[in-house]
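Trainee: I've got this one open on my screen and could use a walk through it. Can we take it piece by piece?

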Amino acid sequence: MSTMRAFQFDDVQSGLQSRAIPRPRPEQGQVIIQVKAAGLCHSDCIILQDDQYSMIMKRPIVLGHEVAGTIVELGPGVSDYEIGDRVVAGIPTRPVTEDSLSKAVGLGYDGGYAEQTMAWMQNLIRIPEAVSFAQAAVAADSIATAYHAVVTEGQVGPDRTVAIVGLGGLGLSAVPIAAIHGARVYAVDIDESKFPLARDLGAVGCASGLDQFPDIAFDTVVDVVGAGITTAAAVNAVKPCGRVVAVGLASKEMSLDTHALITKNITLQGSIGSSLEELKEVLRLIADGRLTPILEEISFDSIPAGLERLAEGKVTGRLFTNPTSSNRG
């Protein structure tokens, strides 16, 4: 059986390991994808730091859940797809169940930090002609997750005032998504060097804290950081009957002003992942040129170093790699 290089995860102690593993073979309803782009996501940083992270369904596992490429092999029972089709592997995390997670690439089974991966036919989405593999890959989780948090959970639309807290890859996707939907967008981050880019993406105001907007009544605050204190600040900043959407996982616990939460009748909503329909909408926005992901390519061998950069907050936009590229090292 032929092998391929991959980055596998067993546990926090051993970290991410470069190994030669067997190439995947498709079973009923599955296809094999030659990976042309795999996005690096902060969720993988959390996996590498927390052995109790509940979304990993097998070990060892090849990480990488933002995957796009071409179909190179069809399993039995696959219809509507052909070898050579450009596809992105959607992540069916809505609803979040053991069954849905088991079919999530890079979480339930081996993912995109390898030359090839498997995907279930029902989770495939064709990539529009105007969308690159790299754009499709990062859309699969980070951008679609931002879309779900802003539009579905945050109910952001015209005549709404929204704050995006945290200007990492997720936040820098949330800002233009909110702006595209007609909202008045404010951006918050402790790193002020990100403010010019946030303004270019549609933010009308930027600050290092929500308390620096004392005269703004926010309909929605999307907390992409989740540091505990950021969610608490969001509860205090949102207007009566407003919404606070918690997306980030920087802290496992938070302390909130219960009086403000109750007397202001605030909705505090957690948000994770997206639906396949939301991913399709994100791909349409990219294809139409209304949404342009901020991308940086790294070599396949640089995946561990890239995840370290990501964990340290030293990445603007989204990192991706092409595992099948000859540009290694």
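Mentor: Sure. Before we start on neighbours, contact here means heavy atoms within 4.5 Å. And keep in mind that this is a predicted model.

Trainee: Okay, so leaving aside neighbours within four places in sequence, which residues is Val150 in contact with?

Mentor: Val150 is one of the residues with the most contacts inside the largest nonpolar core. Once you drop its neighbours within four places in sequence, what remains in contact with Val150 is Gln155, Val156, Ile164, Ala174, Ile177, Ala178 and Val222.

Trainee: Which element gives the largest share of this core?

Mentor: The largest nonpolar core has 47 residues, and Val88, Val150, Ile164 and Val222 are those with the most contacts inside it. Elements that each supply at least two residues of this core include β9 (161-165), β10 (184-188) and α8 (276-287). The largest share, 13 residues, comes from α3.

Trainee: From which domains does this core draw at least three residues each?

Mentor: Start with the domain assignment, which gives domain 1 (3-141 + 274-321) and domain 2 (146-270). The core takes at least three residues from each of domain 1 and domain 2.

Trainee: How many residues does each domain put into the contact between them?

Mentor: The centres of the two domains, taken over C-alpha atoms, are separated by 27 Å. Their contact takes 15 residues from domain 1 and, from domain 2, 15 residues.

Trainee: Moving on to empty space, which helix gives the most to the lining of the largest cavity?

Mentor: Searching the whole structure turns up two cavities of 30 Å³ or more, and the largest has a volume of about 100 Å³. Its lining includes Ile143, Leu172, Ser173, Pro176 and Arg318. The top contributor, with three residues, is helix α4 (residues 171-180).

Trainee: By class, what makes up the lining of that largest cavity?

Mentor: Gly counts as polar in this scheme, which matters for Gly169 and Gly317 in the lining. Both domains take part, with at least three residues drawn from each. By class, the lining comes to seven nonpolar, four polar and one charged residues.

Trainee: Last one: is Asp215 buried or exposed?

Mentor: Asp215 lies in the loop between β11 and β12 (218-223). Ten residues away in sequence is Gly205, 12 Å off in space, C-alpha to C-alpha. The cut-off for exposed is over 50% relative accessible area; Asp215 has 73%, so Asp215 is exposed.

Conventions: Residues numbered from 1 in each chain as written. Predicted model: local features only at pLDDT ≥ 70, side-chain atom pairs only at ≥ 80, totals over all residues. Heavy atoms only, no water. 1 Å grid on protein atoms, 1.4 Å probe; cavity = no way out; pocket = protein on both sides within 12 Å on 5 of 7 lines; lining within 4 Å. Points joined across faces, edges and corners; volume = space filled by probe spheres on them. Helix = DSSP H or I, 4+ residues; strand = E, 2+ residues; numbered from the N terminus. Domains from an automatic or database assignment. Core = buried A, V, L, I, M, F, W, Y, C linked by side-chain atoms within 4.5 Å. Buried < 20%, exposed > 50% of the residue type's maximum accessible area, 1.4 Å probe, protein only.
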